[in-house]
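Q: Please take a close look at the nonpolar core of this model. Which residues and helices build it, and how do the helices around it pack?

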Amino acid sequence: MKRTAGFWGNTGVAFMLIALFPCFSVGEGEVDYLRDFEIVAGRIHAEFSGSNVDEAEQRRRASELDPEVASLLDVQNRDRGSSLYGAFEEVKRRDAQDISFAIRYFNPVRMLARAFSLPASQYYHDQQLLEAVERVLTYNRKHVYPGCEQPGNWWAWHKQMPDCLTEILVLMNGTLRHEDESYLLSVLEDLVGAGLVTVPAGAGRQPGLAGRDAISKFIIGVLTRSPETVEHARKGMMEYVVPYLIEEDGTPLITILFKENLGISLPYTLSLI
């Protein structure tokens, strides 16, 4: 399988979705899909964690990541009597231009998860870091939950936050408390919606919007071992994304997309190149 660079911020995951889907086809009882789920989950974890790169690259990443994680751990509120217990900061809008402030609920958690899963990090599988994750999720669940108000920019809630949540779930898979994993999954599923991937009426040609939702659903499906959810993800990619990437005869048109172009229709993006 050919890897692509920078596709939705996670190399290879998008095309893994399409290329490996036959392993998960609903109704194919002859296929040991639970075994296949384990294989694909491992590949996604390696992609997100960086365990698939050489030791020198891992050490380089750790040299940048570990000081930031240390700073977070130093400022985390550990006062159980405080309304900010578990927080690294009070998450609120800093000024009128800070419309994407809500992503700050989970960006620090993602950073901790990256260190926890990177073999070269001093925080690799560190119990104290895991406890810090549990504390911050205690704070977050008071502010971010299914059906909560979503102040600020919708993109932060429905695109950036699912990116964060899927990465956290992948990197911490098998190590989070059941209640924390269930909480993150419930928020993620609430943000990306249940059932098939759709593009709102009037959104125009926006494959990036549906593509992000499809990848989120794909990861949910893999982590929860749900062939039905993976099927929803595949249909979303095939309907909204793949048509822009191939000619009518099936010849690939473009194999590399950059995350900064997401949300801009591919035909419009290409006209700018």
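A: Helices here are DSSP runs of H or I with at least four residues, strands are runs of E with at least two, and both are numbered from the N terminus. On that basis the chain of this predicted model has 11 helices and zero strands. From the N terminus on, the order of elements is α-α-α-α-α-α-α-α-α-α-α. Of the 273 residues in the chain, 47% are buried. Among contacts with a separation of 6 or more, 67% join residues 24 or more positions apart.

The core itself comes next. The largest nonpolar core holds 59 residues, and Phe106, Leu112, Met161 and Leu184 are those with the most contacts inside it. At least two residues of this core come from each of H2 (33–49), H3, H4, H5, H6 (154–171), H7 (178–192), H8 and H9. The helix that gives the most is H6, with eight residues.

Phe106 merits a separate description. When its neighbours within four places in sequence are left aside, Phe106 is in contact with Leu137, Asn140, Val144, Met161, Cys164, Leu165, Ile168, Tyr183 and Leu184. Two of the residues with the most contacts inside the core, Met161 and Leu184, are thus among the partners of Phe106. Apart from this core there is a second, separate one of six residues, which includes Val197, Ala214, Tyr240 and Val241.

Two helix pairs show how contributors to the core are arranged. Helices H3 (residues 55–75) and H4 (residues 107–117) have their axes 10 Å apart and pack at an angle of about 125°. Because this angle falls neither over 145 degrees, as roughly antiparallel would require, nor between 65 and 115, as roughly perpendicular would, H3 is oblique to H4. Their crossing is left-handed. On the H3 side the contact is made by Leu65, Asp66, Glu68, Val69, Leu72 and Leu73, and on the H4 side by Pro108, Met111, Leu112, Arg114 and Ala115. Sorted by class, the residues of this contact are eight nonpolar, no polar and three charged. Leu112, which belongs to the H4 side of the contact, is also one of the residues with the most contacts inside the largest core.

The second pair is H5 and H7, whose axes lie 11 Å apart and which pack at an angle of about 45°. This angle makes H5 oblique to H7. Here too the crossing is left-handed. Glu134, Leu137 and Asn140 of H5 meet Asp180, Tyr183 and Leu184 of H7. The contact of H5 with H7 comprises three nonpolar, one polar and two charged residues. Leu137, Asn140, Tyr183 and Leu184, which take part in this contact, are also among the residues in contact with Phe106.

Finally, two loops that adjoin helices supplying the core deserve mention. Most residues other than glycine have a negative phi. His125, in the loop between H4 and H5 (127–140), has a positive phi near 55° although it is not glycine. Arg225, in the loop between H8 (207–223) and H9 (227–240), likewise has a positive phi, near 55°. Arg225 has a relative accessibility of 22% and therefore counts as partly exposed, since buried would mean under 20%.

Key: Residues numbered from 1 in each chain as written. Predicted model: local features only at pLDDT ≥ 70, side-chain atom pairs only at ≥ 80, totals over all residues. Heavy atoms only, no water. Axes fitted to C-alpha atoms, helices over the stretch in contact; angles between N-to-C directions. Parallel < 35°, antiparallel > 145°, perpendicular 65-115°, else oblique. Left-handed = near helix turned anticlockwise from the far one by under 90°. Contact = heavy atoms within 4.5 Å. Nonpolar A, V, L, I, M, F, W, Y, C, P; charged D, E, K, R; others polar. Buried < 20%, exposed > 50% of the residue type's maximum accessible area, 1.4 Å probe, protein only. Core = buried A, V, L, I, M, F, W, Y, C linked by side-chain atoms within 4.5 Å.
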